[in-house]
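Here's a set of exercises to work through with the viewer open. Try each task yourself before you read its solution.

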Amino acid sequence: ERTIYRDDEDAAEAVITNRNVQPQHYQEEESLELDASHAIFFIVLASTSLLVLFFFKIFNVVKIFYAFGCSGAFAQVVLYPLLTRVFRKLRWKSPMRPMECLSEENATRAALNGGCKGKILMCLYSFFGPITLLDVMANTIAYAVGGTWLYIAFTVLHPGSNVFYWIVQDVFGACMCITFLGTIKINAIRVAAILLTVAFFYDIFFVFVTPLLTKHGESIMVNVATSGGPPKADPSWCEKYPSSTECKGGEPLPMLFAIPRVGDYQGGASMLGLGDIVLPGLLLSFASRFDEAKRLMGLVSGGAGRVRNGAGGVSSNKSSWNICCGCGQGGYFGPVVVAYAVGLAMANAAVYLMQMGQPALLYLVPCCLGTFVFMARRNGELNDIWDNPRAIRAADALLFGGRIEAEDEDDVRASSLLMNEGAEMT
């Protein structure tokens with residue numbers, strides 16, 4: 001999302017001079033925009049799922065869903081682009097063309113002729129659309145990897161120590177996060193504030209409060225994350241008798257990133273939940289889109305992608321904040337990324353100091369959301385970005401809307417006035 005019109009002033013001019021024509025190069029991908037009700041529902045669903053896993057111990061079901069769900073994301077994020085690049089290098093175009101047997105024409109003809117084959121082909125075409133050999137190869141490899149991962153999960157005593165297992169789990173988790181953030185988006189700080197604030201208290205409750213409410217003083221979050229809690233036996237006993245019943249458990253559930261502790265006789269792993277990535281990631285994605293929308297409006301107004309804050313002031317090239325962050329002038333994305341790194345470092349430090357699991361959102365939410373709100377208030381843009389910023393509305397209208405209505409034209413002019421002058425973002 002940070003590649004829109006970085007240097008392409010001619011493209012911006014073409015868009016603004018012919019607003020009634022839909023730009024053919026930029027097509028809006030399918031996405032879901034979150035609102036406040038989605039944010040509340042998301043937390044309720046997450047809490048319910050966590051309680052179900054804690055009381056019913058159906059961890060193997062999660063592994064099955066994770067293996068097959070993430071295999072599709074792995075195919076789309078890694079294998080499909082990789083194989084496409086390889087075939088283009090080899091100048092082999094046939095795998096990227098739709099397969100003749102599953103084309104619309106062939107499926108329609110077979111359906112008209114009747115019979116089971118026609119129904120199957122039409123059903124496949126209706127569900128999948130045109131299928132290429134590249135699609136088949138990418139998905140076959142992805143689901144083969146996912147099946148192998150699942151086999152190891154069910155047959156190896158402590159699969160977390162298997163290098164293939166934890167690397168694939170982390171790669172799958174990364175692909176799922178990328179797919180999620182590519183599909184789900186927020187268009188207002190108000191929604192991000194509600195989502196992250198509720199998630200903040202959700203994380204604290206299930207890590208620190210639930211030990212006071214459960215029978216054995218267990219943290220529900222830690223119990224579920226470690227597939228039922230750590231082994232009950234002494235580590236030295238488990239080292240001698242790893243197949244003992246009391247030595248089972250403690251394996252990271254595939255809802256998180258896990259890196260085994262190398263050289264630690266007690267075993268274990270460093271863990272970071274996927275929710276600790278995708279929830280702040282929604283805010284980072286919004287910051288990126290807002291920066292690019294402002295840069296686009298700067299190009300539209302005849303500038304060179306210059307960004308000016310809402311108060312009318314221009315960021316100084318020698319600003320200590322921007323030099324420290326290395327993020328350029330007037331943007332939000334860089335500072336919020338730095339804030340995320342600081343919050344994650346604080347969470348890791350707290351784990352080592354307190355010798356217990358920590359809710360990462362306890363540190364990430366104040367750092368990320370606080371940084372964004374502070375910068376927006378300092379720039380005089382908080383009221384605008386609190387609910388559907390003008391720059392994003394105007395940019396969406398220019399790129400995807402085809403025709404800009406009167407309200408959006410006002411947004412274009414207002415946004416352009418804010419962004420016509422100022423320091424150029426790096």
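**Exercise 1: Cysteines**

How many disulfides does the structure hold? Work it out from the sulfur atoms.

*Solution.* Keep in mind that this is a predicted model.
- Step 1: the cut-off for a disulfide is a pair of cysteine sulfur atoms within 2.5 Å.
- Step 2: start with C70, whose nearest cysteine sulfur, that of C175, is 7.9 Å away. Since a disulfide needs sulfurs within 2.5 Å, C70 is in none.
- Step 3: try C367, where the nearest cysteine sulfur belongs to C368 and sits 6.5 Å away, so by the 2.5 Å cut-off C367 is in no disulfide either.
- Step 4: the tally for the structure is 0 disulfides.
- Step 5: as for solvent, C70 is buried at 2% relative accessibility, and C367 is buried too, at 16%.

**Exercise 2: Helix α7**

Find the span of α7, its buried residues and what covers them.

*Solution.*
- Step 1: α7 runs over residues 163–183, which is 21 residues.
- Step 2: from first C-alpha to last, α7 reaches 30 Å, close to the 30 Å expected at 1.5 Å a residue.
- Step 3: pick out the buried positions, which are Y165, V168, Q169, D170, F172, G173, C175 and C177.
- Step 4: the cover over these buried residues includes the helices α3 (59–90), α6 (133–155) and α11 (275–300), along with strand β3 (256–260).
- Step 5: go to the start of the helix, where a side-chain oxygen of N162 comes to within 3.0 Å of the backbone nitrogen of F164.
- Step 6: N162 itself belongs to the loop between α6 and α7 and counts as partly exposed, at 26% relative accessibility.
- Step 7: look back along the chain to I152, which is 10 residues from N162 in sequence and 8.5 Å from it in space, C-alpha to C-alpha.

**Exercise 3: A serine in α3**

Is S71 buried or exposed? List its contacts as well.

*Solution.*
- Step 1: place S71 in helix α3.
- Step 2: its relative accessible area is 1%, and because buried means under 20%, S71 is buried.
- Step 3: skip neighbours within four places in sequence, and S71 is in contact with Y66, A142, Y143, G146 and F172.
- Step 4: link this to the previous exercise, since F172 is one of the buried residues of α7.

**Exercise 4: The nonpolar core**

Which residues of the largest nonpolar core touch the most other members?

*Solution.*
- Step 1: this core has 81 residues, and the ones to highlight are V224, L283 and F372.
- Step 2: sort the core by element, and α11 gives the largest share, at 12 residues.
- Step 3: zoom in on V224, which touches L50, L53, F54, F59 and L253 once residues up to four places away in sequence are set aside.

**Exercise 5: Chain and confidence**

Sum up the chain, then decide where to be careful with the model.

*Solution.*
- Step 1: count the elements, and you get 17 helices and 6 strands.
- Step 2: of the 426 residues, 43% are buried.
- Step 3: take the contacts with a separation of 6 or more, and 72% of them join residues 24 or more positions apart.
- Step 4: the mean pLDDT is 78, with 68% of residues reaching 70 or more.
- Step 5: confidence peaks in helix α14 (residues 361–379), at a mean of 95, and is lowest in strand β6 (residues 423–424), at 40.
- Step 6: pLDDT is below 50 over residues 1–28, a stretch with 50 contacts beyond near neighbours in sequence.
- Step 7: residues 310–328 stay under 50 as well, with 35 contacts beyond four places in sequence.

Technical notes: Residues numbered from 1 in each chain as written. Predicted model: local features only at pLDDT ≥ 70, side-chain atom pairs only at ≥ 80, totals over all residues. Heavy atoms only, no water. Helix = DSSP H or I, 4+ residues; strand = E, 2+ residues; numbered from the N terminus. Expected span 1.5 Å × (residues − 1). Buried < 20%, exposed > 50% of the residue type's maximum accessible area, 1.4 Å probe, protein only. Contact = heavy atoms within 4.5 Å. Polar contact = N/O pair within 3.5 Å; in protein donor to acceptor, adjacent residues only side chain to side chain. Core = buried A, V, L, I, M, F, W, Y, C linked by side-chain atoms within 4.5 Å. pLDDT = per-residue confidence, 0-100.
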